[in-house]
Amino acid sequence: MIPLLDIRAQYEGIRTELDAAVLETLASGAYVSGPRVDAFEHDFAAYCGAREAIALNSGTSALHLALLALGIGPGDEVITTAMTFVATVAAIRYAGATPVLVDADLRTFNIDPTLIERAITPRTKAIIPVHLHGRLADMEAILRVAERHGIPVIEDAAQAHGAEWEGRSAGTVGAIGCFSFYPGKNLGACGEGGGVVTDDAALAATMRQLRDWGQAGRYNHVRHGFNYRMDGIQGAILQVKLRHLPAWTEGRRRVARIYDRLLSGSGIATPARPLGNEHVYHVYAIRSPARDRIAEALAGAGVATGMHYPRPVHLQPAYADLGYRAGAFPVAERLAREMLSLPIYPELTEAQQQHICGALMRANEDIHERVA
Ligand SMILES: *Cc1c(COP(=O)(O)O)cnc(C)c1O
């Protein structure tokens with residue numbers, strides 16, 4: 001079976017370094033926050049080209065703190081895309097604000113910037129584009145609308161570590177960038193993890209307090225805060241892994257280029273690569289109206305696939321009270337039916353990709369014959 005993602009292969013590649021970092025942290029006694037987390041923050045800020053990075057216990061916490069730092073709460077509205085992982089919308093709810101959803105773009109799968117303006121009301125306090133699958137949303141168009149209305153942009157860069165738009169790193173284009181270090185992400189801890197980056201010292205100071213019980217110095221609680229700190233071991237692991245991230249990203253891009261080549265001319269839609277937008281391929285998703293039958297055929301050929309995501313947020317029972325119906329976001333609904341994620345990780349071999357694409361194209365041809 002070819003898995004969607006092989007995190008054990010990644011571990012085998014860096015085992016000596018990672019084991020040493022973990023053992024050293026165990027011996028140090030710095031289990032929550034501490035010098036290894038500080039060092040990771042320093043390195044991650046430098047990697048992104050941001051002034052500040054703040055390590056947290058999850059990407060969801062990152063989104064929550066970004067919203068709180070911008071003063072967003074009950075009565076406020078926050079615009080985001082219907083085609084995202086639920087965490088983006090859940091975090092808006094955690095802050096007490098109302099999520100306002102917008103449809104996606106069929107080519108990039110990201111929020112359709114032409115639909116944002118009509119979703120803006122006097123209550124709109126932030127826009128959260130999600131860089132789905134590791135490709136930045138159309139930040140030029142989003143920033144233009146946001147600036148015209150004086151609304152801050154929070155980037156959900158949970159899938160986009162190191163992706164670039166016009167030479168700027170994901171997370172550094174808006175006011176605050178939010179990252180997840182969940183194990184399956186492009187930079188993943190060995191457990192839960194997340195973080196924010198910002199160039200704004202005041203926002204950074206607020207988020208540092210909020211993650212640690214709202215403290216400004218020990219037992220001086222100046223804000224209603226949270227326990228959103230990162231574990232020492234995760235900081236140590238992430239610092240080691242960050243050194244390998246550029247090579248891993250190159251590996252993902254190589255795998256993506258091979259898929260692009262093997263599938264070209266097959267009639268299967270491969271991920272678009274808008275100019276100046278450097279994709280990091282957290283997910284490599286093809287699109288086909290026969291998605292389910294292709295997935296079945298691939299499973300039969302020993303190839304795991306995924307769907308990111310099979311149901312848009314507005315059709316999830318948990319968010320039914322937002323009041324959107326089926327048909328509200330036709331592109332997101334179509335993407336949910338047609339997108340199929342293929343295995344992608346730096347260790348995937350070209351021979352494996354040939355097997356995957358062979359099975360995929362055979363399934364696609366069979367389906368067309370049956371239709372014809
Ligand atoms: C993973 C993810 C999150 C949440 O991150 P966690 O670390 O799992 O809390 C948020 N948004 C998107 C788009 C994600 O993919």
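The side chains of Arg211 and Glu41 are joined by a salt bridge, with N and O 2.8 Å apart; the term covers a side-chain nitrogen of Lys or Arg within 4 Å of a carboxyl oxygen of Asp or Glu. Arg211 belongs to helix α6 (residues 201-211) and Glu41 to helix α2, so the pair ties together parts that are 170 residues apart in sequence. Helices (H or I, at least four residues) and strands (E, at least two) are DSSP runs, numbered from the N terminus. Arg211 is buried, at 12% relative accessible area, and Glu41 is buried at 7%. Buried stands for under 20% relative accessible area, exposed for over 50%, and partly exposed for values in between (1.4 Å probe, protein chains only).

This is a predicted model, in which local features need pLDDT of at least 70 and side-chain atom pairs count only at pLDDT 80 or more, while totals for chains, interfaces and linings use all residues. Residues are numbered from 1 along each chain as its sequence is written, and side-chain values use heavy atoms, with hydrogens and water left out.

**Salt bridges**

The count of salt bridges comes to 19. Three of them are listed here.

| Pair | Closest N to O |
|---|---|
| Arg211 and Glu41 | 2.8 Å |
| Glu350 and Arg261 | 3.1 Å |
| Asp19 and Arg15 | 3.9 Å |

Glu350 and Arg261 meet in a salt bridge. Glu350 lies in helix α10 (residues 350-371) and Arg261 in helix α7 (residues 232-263), so this pair ties together parts that are 89 residues apart in sequence. Glu350 is partly exposed, with a relative accessible area of 34%.

Asp19 and Arg15 both lie in helix α1, four residues apart, which is about one turn of the helix. Asp19 is partly exposed at 30% relative accessible area, and Arg15 is partly exposed at 39%. A network of salt bridges links these two with Arg8 and Glu12.

**Aromatic rings**

The whole structure contains 10 aromatic pairs. Rings of Phe, Tyr and Trp (its six-membered ring) pair if their centres lie within 6.5 Å; planes under 30 degrees apart count as stacked, over 60 as edge-to-face and the rest as tilted. One of the pairs is Phe44 with Phe181, edge-to-face at 5.3 Å centre to centre and 90° between the planes. Phe44 sits in helix α2 (residues 35-48) and Phe181 in the loop between β8 (176-180) and β9 (194-198), 137 residues apart. Both Phe44 and Phe181 are buried. Ring pairs join Phe40, Phe44, Tyr47, Phe179 and Phe181 into a cluster.

Arg135 lies over the face of Phe109, 5.1 Å from the ring centre; a charge sits over a ring if NZ of Lys or CZ of Arg is within 6 Å of the ring centre and within 35 degrees of the ring normal.

**Cysteines**

The structure holds zero disulfides, a disulfide being a pair of cysteine sulfur atoms within 2.5 Å. For Cys178, the closest cysteine sulfur is that of Cys48, at 12 Å, too far for a bond. For Cys190, the closest cysteine sulfur is also in Cys48, at 19 Å, again too far for a bond. Cys178 is buried, with a relative accessible area of 1%, whereas Cys190 is partly exposed, at 48%.
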